[in-house]
Amino acid sequence: MSPSKPYLRIATEEAFAPPEMIRIYQKILAGSDVDPGFKGLMGFYISSPSERAQHIMRCLQDLDQIRLAHMDEAGIDHQVLALTAPGVQIMDKATAVSFARVANDFLADAVRRHPTRFTGMISLPVQDPQEAAKEIERGVTRLGMHSVVINSHTHGEYLSDPKFWDIFAAAEQHGTPIYLHPNSLPRNMLEPFQECGLDGAIYGFGVETGLHALRIITAGVFDRFPKLQMIIGHMGEALPFWSYRLDYMHQATVRSKRYDSIKPIHKKPSDYLRENFYITNSGVAWEPAIKFTQSIVGVDRVLYAMDYPYQYAAEEVQLLDRMDMSAEDKKKFFQTNAQKVFGISAL
Ligand code: MN
């Protein structure tokens with residue numbers, strides 16, 4: 001490696017979509033009583049004639065020439081790939097179970113074609129926690145994958161509900177961290193965000209995914225599964241910035257006995273952020289936010305991500321190369337943390 005490039009750049013929240021999944025989405029969108037958040041998100045990208053939407057649809061479905069050219073152009077050596085939101089979580093249970101396997105096999109093929117450029121995350125049919133747990137095992141033992149992606153809520157349900165905890169048990173057992181990626185907002189949350197155009201990546205995604213991560217923490221998931229690791233993007237969906245108030249008010253709320261639903265947990269919410277979460281800067285190429293997050297969770301827990309193709313901005317890579325940060329910490333941020341978390345060996 002040349003002295004001008006003392007580390008590899010690994011982008012860790014990069015999206016893809018098999019063409020077959022787009023066809024399933026088209027069928028769902030043509031049906032009755034379509035989820036309004038899904039319609040607002042994938043309904044737009046699939047049908048809009050805008051240059052941005054058509055470009056994103058092309059890039060999402062390519063795991064060869066177009067993507068590799070964009071990676072080379074931006075200086076990205078390696079992508080960690082996740083089935084784009086909402087993945088199979090918008091499908092009915094039976095379709096989700098069967099298509100998660102198809103999507104994971106499709107991704108494993110791409111990784112086999114380009115082993116030094118791609119690593120895959122396992123997609124899960126969250127609707128069926130027992131089948132999801134089996135798919136984690138299959139992903140690890142048969143497909144050589146070492147991490148999982150879940151696109152936030154599933155039909156408005158959250159992983160804080162113990163009925164989903166077979167998934168956490170399997171993830172802890174196999175040592176596969178779970179990337180909690182945003183989804184479009186659930187029906188009962190959408191309106192006040194959508195009526196002012198703020199439901200998407202601009203704000204709503206972060207609010208909903210941050211809420212989801214916090215629900216997992218306050219439900220005691222990490223007391224039950226202490227070795228479980230999760231990853232959240234977009235600078236931790238603002239949770240590091242909230243951590244002082246979360247710690248203070250969690251303790252005050254438990255003491256007040258105001259809610260049956262908020263029970264004592266072993267540690268402060270921010271302790272779980274430091275011990276059970278990795279945070280990527282997907283979509284946030286902003287030095288002050290990256291350094292602040294490093295100061296809260298430590299330099300070993302903050303990783304680089306681009307959020308391709310939704311936020312493909314080649315110039316952001318050079319901007320981050322120029323951060324005022326030690327060479328050692330920059331290498332952790334761009335390369336070695338990702339190698340450890342996602343089990344990347346073929347580089
Ligand atoms: Mn993303």
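**Figure 1. The manganese site of this predicted model.** Three protein donors hold the manganese ion: Glu13 (OE), His181 (NE2) and Asp307 (OD), at 1.9 to 2.2 Å. Donors here are N, O and S atoms within 2.8 Å of the metal (3.2 Å for Na, K and Ca), and water is not among the atoms, so sites may look incomplete. Along the chain, the donors of the manganese ion are spaced as E-x167-H-x125-D. Histidine 181 belongs to strand 6 (residues 178–181) and aspartate 307 to the loop between strand 9 and helix 15, so the pair ties together parts that are 126 residues apart in sequence. Both histidine 181 and aspartate 307 are buried (under 20% relative accessible area, with exposed over 50% and partly exposed in between; 1.4 Å probe, protein chains only).

A note for all views: residues are numbered from 1 along each chain as its sequence is written, and side-chain values use heavy atoms, with hydrogens and water left out. Because the model is predicted, local features need pLDDT of at least 70 and side-chain atom pairs count only at pLDDT 80 or more, while totals for chains, interfaces and linings use all residues.

**Figure 2. The open sheet of six strands.** Here the strand order is 4-5-6-7-8-9, with parallel pairing. Strands (E, at least two residues) and helices (H or I, at least four) are DSSP runs, numbered from the N terminus, and two strands pair if DSSP finds at least two bridges between them. Strand 4 (122–123) and strand 9 (302–303) are the edge strands, each pairing on one side only. Strand 5 (residues 148–151) runs parallel to strand 6 and is joined to strand 6 by four bridges; one bridge partner to look for is isoleucine 178 in strand 6, which pairs with valine 148. Strand 6 is covered on both faces, with Ile178 and Leu180 buried on one side and Tyr179 and His181 buried on the other. In a regular strand, side chains alternate between the two faces of the sheet. Further along, strand 7 (residues 230–232) and strand 8 (residues 277–280) pair in the parallel sense over three bridges, and isoleucine 232 stands opposite isoleucine 279 of strand 8.

**Figure 3. The open sheet of three strands.** This sheet has the order 1-2-3 and parallel pairing. Strand 1 (10–16) and strand 3 (118–120) are at the edges with a single partner strand each, so one side of each is left without a neighbour in the sheet. From one strand to the next, the twist averages 35 degrees. Five bridges link strand 1 with strand 2 (residues 78–83) in the parallel sense, and alanine 15 has alanine 82 of strand 2 as its bridge partner.

**Figure 4. The surroundings of leucine 107 in helix 5 (residues 93–113).** Leucine 107 is buried, and its relative accessible area is 0%. Leaving aside residues up to four places away in sequence, leucine 107 touches Phe16, Leu81, Gly120, Met121 and Met145, where contact means heavy atoms within 4.5 Å. Leucine 81 is 26 residues from leucine 107 in sequence, and their C-alpha atoms are 8.0 Å apart in space.

**Figure 5. Helix 2 (residues 36–47) against helix 3 (residues 51–60).** The two axes come within 7 Å and cross at roughly 90 degrees. Axes are lines fitted to C-alpha atoms, for helices over the stretch in contact, and angles run from 0 to 180 degrees between N-to-C directions. Helix 2 and helix 3 are therefore roughly perpendicular to each other (angles under 35 degrees count as roughly parallel, over 145 as roughly antiparallel, 65 to 115 as roughly perpendicular and the rest as oblique). Phe44, Tyr45 and Ile46 of helix 2 meet Arg52, Ala53, Ile56 and Met57 of helix 3.

**Figure 6. Helix 15 (residues 314–321) beside helix 16 (residues 327–342).** The axes come within 11 Å and cross at roughly 150 degrees, so helix 15 and helix 16 are roughly antiparallel to each other. Val317, Leu320 and Asp321 of helix 15 make the contact with Lys330, Phe333 and Phe334 of helix 16.

**Figure 7. Helix 12 (residues 239–256) packed with helix 14 (residues 287–297).** Here the angle is about 45 degrees and the axes are 9 Å apart, which makes helix 12 oblique to helix 14. The contact brings together Pro240, Phe241 and Ser243 of helix 12 and Phe292, Thr293 and Ile296 of helix 14.
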